[in-house]
Amino acid sequence: MTGKEVQAFLKEHLVPKKLYKIGGSHKNRICLEQTEKGWEVFFRDKKEKVGTLFFRDEASACQCFMEEVRKIMVSLYGITWVPSV
């Protein structure tokens with residue numbers, strides 16, 4: 001899975017863009033970002049990265065990112081999608 005595939009999936013499932021940022025960071029959003037050392041999934045709280053998870057490959061980072069967005073959707077809206085196997 002790639003960042004573009006994740007973005008298409010989230011758009012298809014009507015996940016509000018205000019919850020996430022792919023390819024960078026934005027305050028008060030869950031973020032997926034490529035770095036020099038690999039990939040990071042984190043929450044940006046104003047100026048700080050919170051709960052940063054590091055991954056060597058894009059597919060693993062995307063899978064984690066999708067799960068974090070799914071959790072946010074459940075907690076905020078009480079809705080989700082069936083996780084892929």
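Student: Which residue in S4 is the bridge partner of Asp45?

Tutor: Glu48 in S4 is the partner of Asp45. Strands and helices here are DSSP runs numbered from the N terminus (E, at least two residues, for strands; H or I, at least four, for helices). One caution before we go on: this is a predicted model, with residues numbered from 1 along each chain as its sequence is written, and local features need pLDDT of at least 70, side-chain atom pairs 80 or more, while totals for chains, interfaces and linings use all residues. Side-chain values use heavy atoms, leaving out hydrogens and water.

Student: How many bridges join S3 to S4, and what happens at the turn of their hairpin?

Tutor: Six bridges join S3 to S4, and the two strands run antiparallel. Their hairpin has two residues between the strands, and Lys46 takes a positive phi near 60° there.

Student: What is the strand order in the whole sheet?

Tutor: The order is S1-S2-S3-S4, an open sheet of four strands with mixed pairing; two strands pair if DSSP finds at least two bridges between them. S1 (20-22) and S4 (48-55) are the edge strands, each pairing on one side only. From one strand to the next, the twist averages 20°. In the middle, S2 (residues 29-35) and S3 (residues 38-45) run antiparallel and are joined by seven bridges, and Thr35 stands opposite Gly38 in S3.

Student: Where do the helices sit on that sheet?

Tutor: H1 packs on the sheet, touching S1 and S2, with its direction at about 150° to that of S1. H2 lies across S1, S2, S3 and S4, running at about 175° to S2. Touching here means contact, heavy atoms within 4.5 Å. The axes are lines fitted to C-alpha atoms, for helices over the stretch in contact, and angles run from 0 to 180 degrees between N-to-C directions.

Student: And how do I read the packing of H1 against H2?

Tutor: Two packed helices are described by the angle and the distance between their axes. The axes of H1 (residues 3-12) and H2 (residues 58-77) come within 9 Å and cross at roughly 20°. H1 and H2 are therefore roughly parallel to each other, a label for angles under 35 degrees. Gly3, Val6, Phe9 and Leu10 in H1 meet Glu58, Cys62, Phe65, Met66 and Val69 in H2. By class, that contact has seven nonpolar, one polar and one charged residues.

Student: Which residues does Ile72 in H2 touch beyond its sequence neighbours?

Tutor: Leaving aside neighbours within four places in sequence, Ile72 is in contact with Leu19, Ile30 and Tyr77. Ile72 and Leu19 are 53 residues apart in sequence, yet 8.0 Å apart in space, C-alpha to C-alpha.

Student: How many salt bridges does the structure hold?

Tutor: Side chains of opposite charge can pair when their charged atoms come close. The structure holds four salt bridges, each a side-chain nitrogen of Lys or Arg within 4 Å of a carboxyl oxygen of Asp or Glu. One of them joins Glu33 and Lys49 (3.7 Å, N to O). This pair links distant parts of the chain, with Glu33 in S2 and Lys49 in S4, 16 residues apart.

Terms used
Angles under 35 degrees count as roughly parallel, over 145 as roughly antiparallel, 65 to 115 as roughly perpendicular and the rest as oblique. Ala, Val, Leu, Ile, Met, Phe, Trp, Tyr, Cys and Pro count as nonpolar, Asp, Glu, Lys and Arg as charged, and the others, Gly among them, as polar.
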